[in-house]
Every structure is written in C-alpha cells, then in structure tokens.
Amino acid sequence: MIKLFKFIGKVFKFLLNTLNIIRLLVVNLFFLFVIGVLYHTFIQYQQDPTAQPIEDVTPSALVLNLSGPIVEQRTYVNPMDSLSDSVLGRDMPKENVLFEIAETIRHAADDDSISGLVLVLKQMPETNLTKLRYIAKAINEFKASGKPVFASSDFYNQSQYYLASYADKIMLAPDGGVLLKGYSSYTLYYKELLEKLDVTTHVFRVGTYKSAVEPFLRTDMSDEAKQSASRWLSQLWGAYVDDVATNRQIDAEVLNPSMESFLADFESVGGDLAALAKKLDLVDMLATRDQRLAVMIDAFGSDDHNSYNHVSYYSYLNRVKVPPQTADSDIAIVVARGAIMDGKEQRGNVGGDTTAAQLRAARLDDDVKAVVLRVDSPGGSAFASEVIRNEVVSLRAAGKPVVVSMSSLAASGGYWISMNADKIVAQPTTLTGSIGIFSVITTFENSFKSLGIHTDGVGTSPFSGAGVATGLNKGAQAAMQMGIEHGYGRFTGLVADARDMDIAAVDAVAQGRVWTGVDAKEHGLVDEIGDFDFAVELAAELAELDEYNLSWVQEPLTPAQEFFLQFFGDAQSWLGADIQQWIPAALLPQVSQIQSDLSLVNQLNDPRGVYAMCLTCSVE
C-alpha cells in the first residue's frame, strides 16, 4: 500500500512539474514576444529616417551625464537574467566602460558638431582615482582643442568634483555643496557575531599584513593593517589633493584643513556649504538651475526648446563610429576584471579558464604580435591565478611580448597573473602587491549541538570525518597550515624568478602588504609608471610595430545574448534608470560592504580552498 501511495505521489508530482514547466514556457515566450515588439519599436524610433543627418546637426555641447559605475569591461549578461530582472522590475547594472568614455571625449574634441563639453555628473557614483585620472586625461585633451568645458551640478561628491576641477568654469547651486571627505578603508568585523552563532571559523594564512581574514578573527583592525592602509590611503589622497589644487590654482592646504580650521571657515559663512565652496575657490559661480541654463544658452546657443544646444553622452556614444583598422598586425587586449574564480567566467568576475582561453587564442592567432593584459582585480583563487599565469608564460615562450597594464587594483592574485609579463605598467594610484595567501573554512559543529543536532560515525582515514558538521581536528588544521605555508613559498618563489629578485627581498615586500604603484616600482614589483595608452605603446615597441590594430579579446556572445545586452543597455540609457537611486546615500557604503561580503561566499571556489585575495583594498 505504501508503495502504491508513493507511486501515485510520484505521478502527481510529475504532472505538476510538467504543468509548471509549460506555464513558465508560455509566460517566457509571451514576454519574449513583447520584448521583441518593444525592441523593434525602439530601434525604429532611433533610426527615424526623417532625423537630421549628422553632418547637418547644429553644433552642440556634449553633456557627460554619466550614470552608474565606471568599469574596465562591460559585465557579461545572461539573457535569462536580463529577462527576469526586467519582469521583476529590477534594474540591470548600468555600466560605463572606461575606454569608451575616454575615446568618446577624444572623438568629440575633433568633431566639428561638438562645440564644448558640459560635465553633469550628478548620477556618477564614487569612483577610484585611477579611473578618474584616465578620464581627466581625455578632458585635458578636449580642452587642448580650444573648446570650453563647464561643470554644473547641485552637489558634488568627491569623485564628481575631481572631474569638475578640470572644467574652465564650475557652477554650483546656492543651496548645494562640495562634499570632500578624503579616503578611508573601513571593514565590517564578524568575530562576535560568529561566536554568538557558535560558528567556528578556521583561518590559515601567511603574511604579517594579510588582513583579508581579520574580519573573521577580530573586532577591529590590527596595527599592522592600519599601518599598511594608512600609507597607501595617504598617497591616494595626496594625489587627489595635488591634482585638484593644481587645476584650481589653490593651496593644497585648502583641501586638507584641520577640524578647527574647517569649523572656523564654516562658521565664517554661517554654516553655508555652497558659500564655503565659493569662499575657498572650489567653485566659480553659485547659480540656480535657471541661471546655469542661461550660462549654457549663452555659450552654446538656444535649441528653441527652453534649453541649450546639446547632446547627451549616451546618444553621442551611439553615433561615434570606430574607424576601420587596416594594419596587418594586432595588439590583443585581454581584460581581467573582478575577483578571480576557478572555471568559466561569471557575471562580474574573472574566470580562470575563460581568461586563459583568451590568452591562448591570442597566442595561436598569427595576426596578434603582442598582448596587453589589463588587470583590475583583488585576486581570488590561487589555482585559477596559476592557470592564467601559465598562459602568460606560454605567450612569451611563443615570442609574443606581454605587457600588463594595472588599473585601480592588481593585488594578490591580480599580481600573481601579472608577475611574468615582459613589462608591468602601473599607475601611481594603483594598489598592488598583497603577496600572500590564506584559507578560511567555516564549520558548524557547535551550532548544530546547540540545536540538538549531533554527528557521529566512522571513517577510513584521519580526514574522513572532517566537514562542516564535525569540524576540523588538530591534525587536519596542521596539514592545512602546512599547505598554506607551502603555497606562500611558491608565490614568493615565482615572484623572485619572474622579477629576478632575491627570495629574501621578495619576502620583505610580501607578507600580504599592499603597495601603491609608486612604491611597487621602488621595490621592483613593477617596471614602469604609466596608463593604458602607455602600456599599448610599450607593447608595440617590444613587438617592433609601427602600425597596429587594437583587438579587444572578449568571450563571444550568442545572438540571443547580444540581443538582450543591446536592448536592455539601450533601454536603460534611454530611461536613465539606476537602482542605487532608491537607496539612501547615507546607507550606500554599508549596503555595498554587506553585498561585497556576502558575494565572497560565491567567489571562494578554489578547488584546494587556497586564496590569494586582497579583501581590504577597497577605498571609500
């Protein structure tokens, strides 16, 4: 009888599952049909045959109205993720590719239809200084064309103001302000929470400064971590202050006041942030929106619709045509952006297998004569990092020079994949180094016991019973620590061989310590200080190329993926949606920190549980 009921239950379960699959299929097909209709309509709208030809467009200002994060490479988009995000009312990440921004500004400098540049950066979130400097370089090139640059906003956060400082005139709302708080690095610490939950965290590490695991072990930052972080934070803030002070022709001390000095200045203007910004010469003009609009109309002419002649960045980006590449040789650009994970590339991360395959494709392509590996990564899986490094070694063995271009962050595993390049190029504000490894294993034997759950059994070896429900015995812990120490020795040994350094010299600058690009060059960890453009020129020089094409190597998208990427990307630019607008600004740092910590669980997939990762390299 029991078997009969089980059989009937299985039949009903099969029928219900079948009906559910059919229901989901019908619903998804319907939404695909609707999206297809909308996409067709949208494209028709964009390609209106009655639209004015580009060459007849009235000269207009390019409005740099960036919204969303600035990234090295657009995140891979799964088509079903796109569909589900749309159906559920969630906004896909709106990303702005760093190189597209710079190239668009450079294109506008030589475009007769563009009469100036207006920085409207209200929706641009805080961005790493290294990326900001690359955009600023393009703005300076635009200014060299003789066209004016304006900055206009109600408020300026720190990153927004950095770019605004490159404008010929900065305008601010009378009730606005310039919010400069400096750089900091704060971390949430979970030691007491884990203790209250009776969760046991087994941490294995090597390196005095390997502070990635401190949140699991402490309730505060160690003195060694503070010492290391204080140095690179001071260097980053010093670079920010020097750039802005030079742009605004003001004393650097204006941007570095003591609390007493700030309060005195603030009191002198009656607590008015906008008036303080004007008094300190941070801005040129306090003006309402209407007044700022009048300035723009005077500079660029009226469009007869109560505004000035202008074109938004996103609209202009779509009409910028990349010139055909006609050289016989290519320099391949491979981007490693995000945490390094074992296996295929996932959304927002570096897949060890994927990046290795891209490097291998460049090696086997006869047209590719050199490779620039662009690294923007805190590291991750030690195994995946080694898979990528092996391909860099193979490229050099094949006679193709490799130049690493470090972006904001190329630390730990990010340095691991970089060390064997012919040349490593970092920017002064790059964070790199963090040479060290760790492993974290969380077990719940005490939590289960408190709930009345017990584990017992037998095994065939001392390691058979180790697991999340039973914990780790002392022997297993000792074995793990030995493995980590071996891994650290291997990491430092590889650095010594790659950089032609003595192992003791490597250990002195390793120990998990983070360095800026300037310090890294002084200690022999990088070769040159320069940006992406310099790295490309260096690759061409090493390959003895006078003419070359830039070939951006990316994971190919299927037609369906391309459809969803273009549709949702265009639609989001059109609608200007950004999910972060819904979160109170005061909560964004904490929300971001918690999201980052939670995502760590998905990023830690090394087959041996060994990680070369810098989790404390974030800057606020």
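**View 1. Ser418 and its neighbours in the predicted model.** This close-up comes from a predicted model, and it centres on Ser418, which touches Val375, Val404, Met406 and Ile424 once residues up to four places away in sequence are set aside. Ser418 sits in the loop between α15 (413-416) and β16 (423-426). Is Ser418 buried or exposed? With a relative accessibility of 0%, Ser418 counts as buried. For context, 47% of the 620 residues of the chain count as buried.

**View 2. Helices α13 and α14 packed against each other.** Two packed helices are described by the angle between their axes and the distance between the axes. Here, helix α13 (residues 352-364) meets helix α14 (residues 382-397) at an angle of about 5°, and the axes are 8 Å apart. An angle under 35 degrees counts as roughly parallel, so α13 and α14 are roughly parallel to each other. On the α13 side, the contact is made by Gly352, Asp353, Thr355, Ala356, Leu359, Arg360, Ala362 and Arg363. The α14 side brings in Ala384, Val387, Ile388, Glu391, Val392, Ser394 and Leu395. If you're counting elements, the chain has 22 helices and 22 strands.

**View 3. The Arg74–Glu100 salt bridge.** Zoom in on Arg74 and Glu100 and you'll find a salt bridge whose closest N and O atoms are 3.1 Å apart. Arg74 lies in the loop between β2 (70-71) and α2 (79-87), while Glu100 belongs to helix α3 (residues 98-109), so the pair ties together parts that are 26 residues apart in sequence. Arg74 counts as partly exposed, at 35% relative accessibility. Glu100 is partly exposed too, with a value of 28%. The structure holds 25 salt bridges, and the next views pick out a few others.

**View 4. Arg248 paired with Asp284.** The closest N and O atoms of this salt bridge, formed by Arg248 and Asp284, are 3.1 Å apart. Arg248 is in helix α8 (residues 223-248) and Asp284 is in the loop between α10 (273-279) and β8 (285-286), so to speak a link between distant parts of the chain, 36 residues apart. Which of the two partners is buried? Arg248 is, with a relative accessible area of 13%, whereas Asp284 counts as partly exposed at 33%.

**View 5. Lys279 paired with Asp265.** Here's a salt bridge between two helices: Lys279 in helix α10 and Asp265 in helix α9 (residues 259-268). The closest N and O atoms are 3.8 Å apart. The two residues are 14 apart in sequence, and the pair links distant parts of the chain. Lys279 has a relative accessible area of 45% and is partly exposed. Asp265 is partly exposed as well, with 23%.

**View 6. A salt-bridge network of six residues.** Glu103, Arg106, Lys137, Glu141, Asp531 and Asp533 are linked in a network of salt bridges. As for the chain as a whole, take the contacts between residues at least 6 apart in sequence: 78% of them join residues at least 24 apart.

**View 7. A nonpolar patch on the surface.** Phe155, Leu179 and Leu273 make a nonpolar surface patch of about 240 Å². Phe155 is part of strand β5 (residues 149-156), and it counts as partly exposed at 41% relative accessibility. The accessible surface of the chain comes to about 30,500 Å², with 56% belonging to carbon and sulfur atoms.

**View 8. Positive phi at Asn306 and Ser434.** Most residues other than glycine have a negative phi. Asn306 has a positive phi near 60°, despite not being a glycine. Its place is the loop between α11 (289-300) and β9 (310-312), and Asn306 is exposed, with a relative accessible area of 71%. Ser434 also isn't a glycine, and its phi is positive at about 55°. Ser434 falls in the loop between β17 (431-433) and β18 (437-443), but this residue is buried, with a relative accessible area of 2%.

**View 9. Asp507 and Phe491.** Asp507 is found in helix α18 (residues 503-509) and counts as partly exposed, at 32% relative accessibility. How far is the C-alpha atom of Asp507 from that of Phe491, 16 residues away along the chain? The two C-alpha atoms are separated by 10.0 Å.

Note on methods. Residues numbered from 1 in each chain as written. Predicted model: local features only at pLDDT ≥ 70, side-chain atom pairs only at ≥ 80, totals over all residues. Heavy atoms only, no water. Helix = DSSP H or I, 4+ residues; strand = E, 2+ residues; numbered from the N terminus. Buried < 20%, exposed > 50% of the residue type's maximum accessible area, 1.4 Å probe, protein only. Contact = heavy atoms within 4.5 Å. Areas by Shrake-Rupley, 256 points an atom, 1.4 Å probe, with all protein chains shown as cover. Patch = residues over 30% accessible without salt bridge, like charges linked within 9 Å, V, L, I, M, F, W, Y side chains within 5 Å. Salt bridge = Lys/Arg side-chain N within 4 Å of Asp/Glu carboxyl O. Axes fitted to C-alpha atoms, helices over the stretch in contact; angles between N-to-C directions. Parallel < 35°, antiparallel > 145°, perpendicular 65-115°, else oblique.
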